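These are my notes from a first look through the structure. I wrote down each item as I looked it up.

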Amino acid sequence: YADDSDLTASLGRIEITSQTSQSLDPLVRGGAGGLVAVGVMLSEVKVGGDTDAWLGGITTLDAPETIVRAENSTTAQPVTDVGSVGVIGVSNAETEATLERYTLPSVQTGSQIELKSGTLQILAESDATSYTTSRSDGGGAVAVSNLNIDSELNTTTRAKIGRSATLSAPSTNLNGDITVKAFSENFAIANTFNYGGGGVNVQVSTPTATNTSKTETLVLSRLIGPTGPPSGIRNVTIEAIGNDRANAGADTKGGGAIQVASSTVVSDLQPNVNVQVQGLLNVTGTITINADSRSDADSSNDGAGGGAIAVTDLKTDVTSKPVVTTLIDSESELYAAENIHINAVHGANPPTSAPVLNDSQPEASDNKVESNASGDTVSGFVSVGSVTTILNSTPTATTTISSTSTLKAVGDLVLSANAQENAYAKADSTTAAAPLFAAFSVAVGESDTEITLKPEGRVNI
């Protein structure tokens, strides 16, 4: 950080940077055997903390370029594998990852920063990837396998110029561009593999991927000349870009005299991308204010079973509710000698993800929310297959201009809000009797698909 400082780099740049990174990949493997075999395993990761960089006090900056950056990268890959084989075999595997990091560059509240020359960038950059996996293999006269998988992201990436701060540039600064930007890549992944067989075989898996991360840029200050007009601040860009994904999947296979497979796969994606401006902005060029949400949620559930009596119950549930807001708050004044562009958008571009998982890295996003379930039950006497797919996608993008604010541009004044979404859902159930018993067996297959797709864009003035 720099506080009450006079910083000069006449031919270079001033850079104030804080960088952090974490990579955690606990692996738990276990097995049990005997007359009665019980395997219980847990792999868990929790990550928190802050990454900060800031300017404060009365500070002058004199360089072709000044950068204040906070940057964080976090990867968590907990794995739990467990198997139990015996007359009675029970395996229970739990894998949990919770990431709650904060990335927070700022200009402190009440500061007075003078940009004597050059440009200024306040940058928050973060990527967080949570990839949880578990596998269970069980067998015996009685085999019970339970997989509980949770992958949760709740990160905050925020670039901020604090309330009552003043950033000024003299008219002699001919390159006085200011950029305040938050950029994040957040990816929650949960996968299970559940394979078993025995006289009585029961398999339950509940992989859940949750992403409720926040990406925001707040400018609650004055950007002016040293004594008001004339100002040497040329172009101002205030932007938040959130790339958010949630992906959950299950693969369940088994067989036995009595086979029951129950799998519920959940992807819950509810990120927030926000830009708020409150204060006075006086520039000789263009003001660009943009909140951009790029998101994708996918769930897949594949199951197959067989036996004298076989029951397969598969469910996928996808919720995608990104909230994107651009707010020009009360009593703000924006003056531009050229243009003013204010925008909130969701879905215009596919999300990107940090390439940190090597061979396990999922494919790039296709910019489509998907929920897929497929069940295949083949039995002797009784077969029941139930497959349910639920998809609920309601992204909102809102641009709001407070009634007590003033916006003036010599050129264009453009206000917009746009939300769009692509979605796909499928439930496929195949239930049949084995050929040997086809003449005197019962086979029931049921599939159900529910889709809610309601993107909404609003401009409030």
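I began with the lining of the largest cavity, keeping in mind that the model is predicted. I listed Asn 72, Arg 101, Tyr 102, Thr 103, Ser 126, Asp 127, Ala 128, Thr 155, Thr 156, Thr 157 and Asn 186 as its lining residues. I then sorted this lining by character and got 2 nonpolar, 7 polar and 2 charged residues.

Which strands each supply at least two residues of that lining? I noted strand S8 (102-107), strand S9 (112-153) and strand S10 (156-161). S9 gives the most, with 3 residues.

I looked up the volume next, and the largest cavity holds about 40 Å³ of space. The count of cavities of 30 Å³ or more comes to 1.

Next entry: the strands. I found 28 strands and 0 helices in the protein chain. An open sheet is formed by 9 strands, and I copied their order as S1-S5-S8-S10-S13-S16-S19-S23-S28, with parallel pairing. At the edges I have strand S1 (2-3) and strand S28 (456-460); each has a single partner strand, so one side of each is left without a neighbour in the sheet. S8 and S10, which I had met at the cavity, are also in this sheet.

I took one pair from the sheet for a further look. Strand S16 (residues 272-277) pairs with strand S19 (residues 323-328) in the parallel sense, over 6 bridges. Opposite Gln 276 I found Leu 327 in S19.

Then I checked the backbone angles. Most residues other than glycine have a negative phi, so I wrote down two residues with a positive value. Ser 164 has a phi near 70 degrees. I located Ser 164 in the loop between S10 and strand S11 (166-168).

Is Ser 164 buried or exposed? Its relative accessibility is 56%, and exposed means over 50%, so Ser 164 counts as exposed.

The other residue is Asn 358, with a phi near 55 degrees. I placed Asn 358 in the loop between strand S21 (340-346) and strand S22 (369-393). Asn 358 is exposed, and I noted 68% for its relative accessible area.

Last entry: totals for the protein chain. Of its 461 residues, 52% count as buried. I have about 17700 Å² for the accessible surface, and 49% of that belongs to carbon and sulfur atoms. For contacts between residues at least 6 apart in sequence, I noted that 86% join residues at least 24 apart.

Definitions and conventions. Residues are numbered from 1 along each chain as its sequence is written. This is a predicted model: local features need pLDDT of at least 70, side-chain atom pairs count only at pLDDT 80 or more; totals for chains, interfaces and linings use all residues. Side-chain values use heavy atoms; hydrogens and water are left out. Two strands pair if DSSP finds at least two bridges between them. Helices (H or I, at least four residues) and strands (E, at least two) are DSSP runs, numbered from the N terminus. Buried means under 20% relative accessible area, exposed over 50%, partly exposed in between (1.4 Å probe, protein chains only). Contact means heavy atoms within 4.5 Å. Accessible areas come from the Shrake-Rupley method with a 1.4 Å probe; for residues, only the protein chains shown count as cover. On a 1 Å grid over the protein atoms alone, a cavity is a set of points where a 1.4 Å probe fits but cannot get out, and a pocket is an open set with protein on both sides within 12 Å along at least five of seven lines; lining residues have an atom within 4 Å of a point. Grid points are joined across faces, edges and corners, and a volume is the space filled by probe spheres set on the points. Ala, Val, Leu, Ile, Met, Phe, Trp, Tyr, Cys and Pro count as nonpolar, Asp, Glu, Lys and Arg as charged, and the others, Gly among them, as polar.
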